[in-house]
Amino acid sequence: MKQNINIIIMGPQGSGKGTQARMLAKKFDLQIFETGDVLRNIAKQDTEIGRKINEIINVKGNIVPWDFMKEKILGQKLSELDENKGIIFDGTPRILEEAEFWEKKLKEVNRKINYIFYVDISKEESVKRLSVRKLCKKNGHPLIIGKDLGEEDTKCPICGSEVYRREDDTPEKILKRLEWSKKLLSPVLEYYEGKNMLIKIDGEQGVEDVFGEIVGYVK
Ligand SMILES: [Zn+2]
């Protein structure tokens with residue numbers, strides 16, 4: 001059996017981890033598992049679960065409860081992926097239960113995580129980048145103005161759909177969101193650190209430099 005590479009990439013909002021995930025997927029022929037993407041796709045389906053997810057994330061703007069998330073969303077999506085290809089997990093785990101879930105779940109399908117990267121940027125840098133961020137309408141790709149697209153650009157460079165600015169991307173609200181996700185993520189980081197698996201990457205370098213550093217670890 002071919003040995004697959006499975007990678008987790010984490011980082012605060014604005015760290016550019018999504019961009020890195022896409023670059024890694026291309027270089028190592030990996031499938032991207034991005035929770036936000038998974039949810040948005042389910043929300044488009046006219047099924048019982050699709051309507052429920054749509055109600056939670058698009059209508060109410062809430063977070064999908066963890067109990068519902070694990071088997072019905074994450075477990076289901078995992079079972080749909082190509083078992084002969086490696087996976088890059090982008091934006092999951094976000095909480096400790098999720099890290100533990102993946103450990104158990106991946107073992108069941110004979111996969112293991114080979115590398116865990118945390119692309120770190122300071123709070124100030126995060127706020128700075130998110131304040132100049134746009135998202136695309138179709139897939140929610142986060143795009144940094146001046147980096148991923150020009151100030152005047154109206155189309156997403158990844159999927160071609162229209163881009164917009166989030167109304168709650170004000171410095172104050174960004175800071176609040178950052179603090180909240182950091183609080184949830186810190187036990188996850190400690191968990192992987194305790195297993196000697198966490199590789200920290202300086203995300204304030206240029207995109208190519210961040211990529212070069214990550215690739216340097218992947219054997
Ligand atoms: Zn897009």
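**Exercise 1. Classify C159 and H141, two zinc donors, by burial.**

C159 has a relative accessible area of 28%, so it is partly exposed. The cut-offs: buried is under 20% relative accessible area, exposed is over 50%, partly exposed lies in between (1.4 Å probe, protein chains only). H141 has 13% relative accessibility and therefore counts as buried.

The model is predicted: local features need pLDDT of at least 70, side-chain atom pairs count only at pLDDT 80 or more, and totals for chains, interfaces and linings use all residues. Residues are numbered from 1 along each chain as its sequence is written, and side-chain values use heavy atoms, without hydrogens and water.

**Exercise 2. Assign the geometry of the zinc site.**

Step 1: list the donors (N, O and S atoms within 2.8 Å of the metal, or 3.2 Å for Na, K and Ca; water is not among the atoms, so sites may look incomplete). They are C136 (SG), H141 (ND1), C156 (SG) and C159 (SG), at 2.1 to 2.3 Å.

Step 2: check the angles. They span 105 to 118° among the four donor atoms, and the site is tetrahedral. For four donors, that label requires all angles between 85 and 135 degrees.

Step 3: read the spacing. Along the chain it is C-x4-H-x14-C-x2-C. H141 sits in the loop between β5 and β6, C159 in the loop between β6 and β7, 18 residues apart.

**Exercise 3. Order the strands of the open sheet.**

Strands are DSSP runs (E, at least two residues), numbered from the N terminus. Two strands pair if DSSP finds at least two bridges between them. Three bridges join β5 (residues 133–136) to β6, antiparallel. The order of the three strands is β6-β5-β7. The edges are β6 (142–144) and β7 (163–164).

Methods. Helices (H or I, at least four residues) and strands (E, at least two) are DSSP runs, numbered from the N terminus. Four donors count as tetrahedral if all angles lie between 85 and 135 degrees; four count as square planar and six as octahedral if opposite donors are over 155 degrees apart and all others between 65 and 115; anything else is irregular.
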